[in-house]
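Please find below my notes on the side-chain contacts of this model. They take charged pairs before aromatic ones.

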Amino acid sequence: MNPNGQFPADFLWSASTSAWQFEGGALDEGKGPSVQDVRPGQREILRTASDHLHHLEEDVALLKALGLKAYRFSISWSRVLPQGRGPVNVQGLAFYARLINLLKENQIEPIVTLYHDDLPWALARQGGWACRETIDAFEDYCGLMFDHFAGQVLYWQPICEQNLLTIDRLLSPTGSLAQAFQENHHRTLAQVRVFRRFHQRGYPGWIGPALNLVKVYPLTPDPEDVEAAMNMELIRNWLDLDLAVSGRYSAPATALLTRLGAMPKLEPEDAETLKSGLATMVSFSSYTSVTVKKGAAASFTDPTGMKYGFNLPGIFEIVKNPKLGTSGFDWEVDPAGTRLILEDVAQRTELPLYHHRTRAGIEGNSGYPGRDPGWPANCVSAETDRAGAAGAGARRTADRVLHLERV
C-alpha cells in the first residue's frame, strides 16, 4: 500500500469480455458452433454481438486510451477447435495471436479464460460434461493454448464461474442434484488436469479458478437461519474453491452432499488426480449478495432470476434482504457485501487474488451493447461506482489482491 492509501503503481486495473458475448462471427472464419450459438433466439445476435472479430485494432486502441493495464478475455474453444478436438482452425488461432500481440505491444497484460460457458456443440451432442471424454478434450485444448501462447500470457483461468455452471444445470428442466454435482466433478477433474499440465510443463505464470462468489447473510440471528447461510456458502462458494486450492472435497462439503444424495461418484484414481494439480492464484467475480432463511422452499427455484442463487429444499431458501435496495436487474446492491466476500476469500486462501468482475446490474444493461451509440450512458458511471466499492475492500487486502476490473 502507498502511504496515502492508494493502490500501488503496478496494480492491474482491467476490462473483461467473454468470447461468445463479444466477438461476433459465430460461424465465421472456420469457427464451429458452441452451445451458445445454437440457442433459439440467440443465434442471430451472436453472429454480430459487438463485432470484435472485425474491430480488433480499434478495440485494443480503446483499451489503451482508457489507461487499462490488463484485459481479461476468453478464447472460444470452438473457434480454434471447431469440433472440440481434432484439426485446428488456423484462422481462429491466428485471431487470438493477433489479439495477444496487440495487447503486448500496447503494454496491456492479457488475462486469458479458456472456457466461458461455450462448450463446442459437437462435444455437447456427445454428452458434454456428463461424459469423461470431455475431460480429455478440454485438457488437450488447454495444452494447445499453453503451447502457442506460453510466455506471452502469464495469467490463465481454465474455467469461468464453474459454480454457476452447476447452478445452471440444477435449475434446468431436467436437472437434479446428483447430475449437477457429477458434471461439476468432471469439470473439476478437467481443470485439475490442466493445472497439472501447466505445472509439469513448466509454463511461466499463474493459473487458477475463476469463480462467482456472493456474500450470504442469514435473515435473522435464529441459529437455523445462520446454519442455512453457512450451508449455502459451503455449497455455493467454497466447494469449488476448496477443490482448486486443496485438491479434495472438504469434510463439511462431503457430509452435506452425502446428506443430499448428491456426492459425486469418484473413480478409484480421482482422489489422487484431484491432488495432482493445484491453483497458484484465485480469481472471482461478485455481483450481489444473497440472504437466506432456514429451508422451507419446495423447489430449486432461483428467485434472483440470474442464477446467482438457488433454493435448496429443506436446507435454505433465498429471501429479500430488508436492509438493501435493488438494481434494474432486481439484484440487491451491496457494496459492503463485495468487500466482505473479498475479505472472506483472502482469509480462506494464501494465494494471490484477482477480483475479475463486479457489476451493478442496472436498467438497460441486460442485452448486448454492440456498437450502438444509443447504449445507455449510465452504464459506465454505475459500473464504476460498483467497482469503486470493491476497491474499498481491495485496499484492505492489497498485499494479496493484484487485479480488479471495471466492467
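## Charged and aromatic contacts

1. Arg193 is a buried residue, its relative accessibility being 18%, and in this predicted model that figure deserves a careful look, because burial is assigned under 20% relative accessible area. The partner to consider alongside Arg193 is Glu139, which is likewise buried, with a relative accessible area of 12%.

2. Arg193 and Glu139 are joined by a salt bridge in which the closest N and O atoms stand 2.7 Å apart. This contact links distant parts of the chain, since Arg193 belongs to helix 9 (residues 177-200) and Glu139 to helix 7 (residues 133-149), with the two positions 54 residues apart in sequence.

3. A salt bridge also connects the side chains of Arg197 and Asp140, with an N to O distance of 4.0 Å. Here too the pair links distant parts of the chain, with Arg197 in helix 9 and Asp140 in helix 7, 57 residues apart. A reader may wish to note that the distance of 4.0 Å should be read against a criterion of within 4 Å. Arg197 itself is buried, at a relative accessible area of 15%.

4. What is the setting of the salt bridge between Lys294 and Glu224? The side chains of Lys294 and Glu224 meet at 3.1 Å, N to O, and the pair links distant parts of the chain, with Lys294 in strand 9 (residues 289-294), Glu224 in helix 10 (residues 223-246), and 70 residues separating them. Lys294 counts as partly exposed at 39% relative accessibility, and Glu224 is also partly exposed, with a relative accessible area of 43%.

5. Which residues are joined into one network by salt bridges that share partners? The network is made up of Asp136, Glu139, Asp140, Arg193 and Arg197, and it therefore takes in the pairs discussed in points 2 and 3. For the structure as a whole, the search finds 15 salt bridges.

6. Turning to the rings, the structure holds 17 aromatic pairs. One of them is formed by Trp77 and Tyr141, which are stacked, with 5.0 Å from centre to centre and 5° between the planes. Because Trp77 lies in helix 4 (residues 77-80) and Tyr141 in helix 7, this pair ties together parts that are 64 residues apart in sequence. Trp77 counts as buried at 0% relative accessibility, and Tyr141 is buried as well, with a relative accessible area of 0%.

7. Tyr115 and Phe138 have ring centres 6.2 Å apart and planes at 75°, so their pair is classed as edge-to-face. Tyr115 sits in the loop between strand 3 (109-113) and helix 6 (121-124), whereas Phe138 is in helix 7, so the contact ties together parts that are 23 residues apart in sequence. Tyr115 is buried at 4% relative accessibility, and Phe138 is buried with a relative accessible area of 0%.

8. Ring pairs link Trp77, Tyr115, Trp129, Phe138 and Tyr141 into a cluster, which brings the stacked pair of Trp77 and Tyr141 together with the edge-to-face pair of Tyr115 and Phe138.

9. A final contact combines a charge with a ring: Arg79 lies over the face of Phe95, at a distance of 5.9 Å from the ring centre.

How values were computed: Residues numbered from 1 in each chain as written. Predicted model: local features only at pLDDT ≥ 70, side-chain atom pairs only at ≥ 80, totals over all residues. Heavy atoms only, no water. Helix = DSSP H or I, 4+ residues; strand = E, 2+ residues; numbered from the N terminus. Buried < 20%, exposed > 50% of the residue type's maximum accessible area, 1.4 Å probe, protein only. Phe/Tyr/Trp six-rings, centres within 6.5 Å; stacked < 30°, edge-to-face > 60°. Lys NZ or Arg CZ within 6 Å of the ring centre and 35° of its normal.
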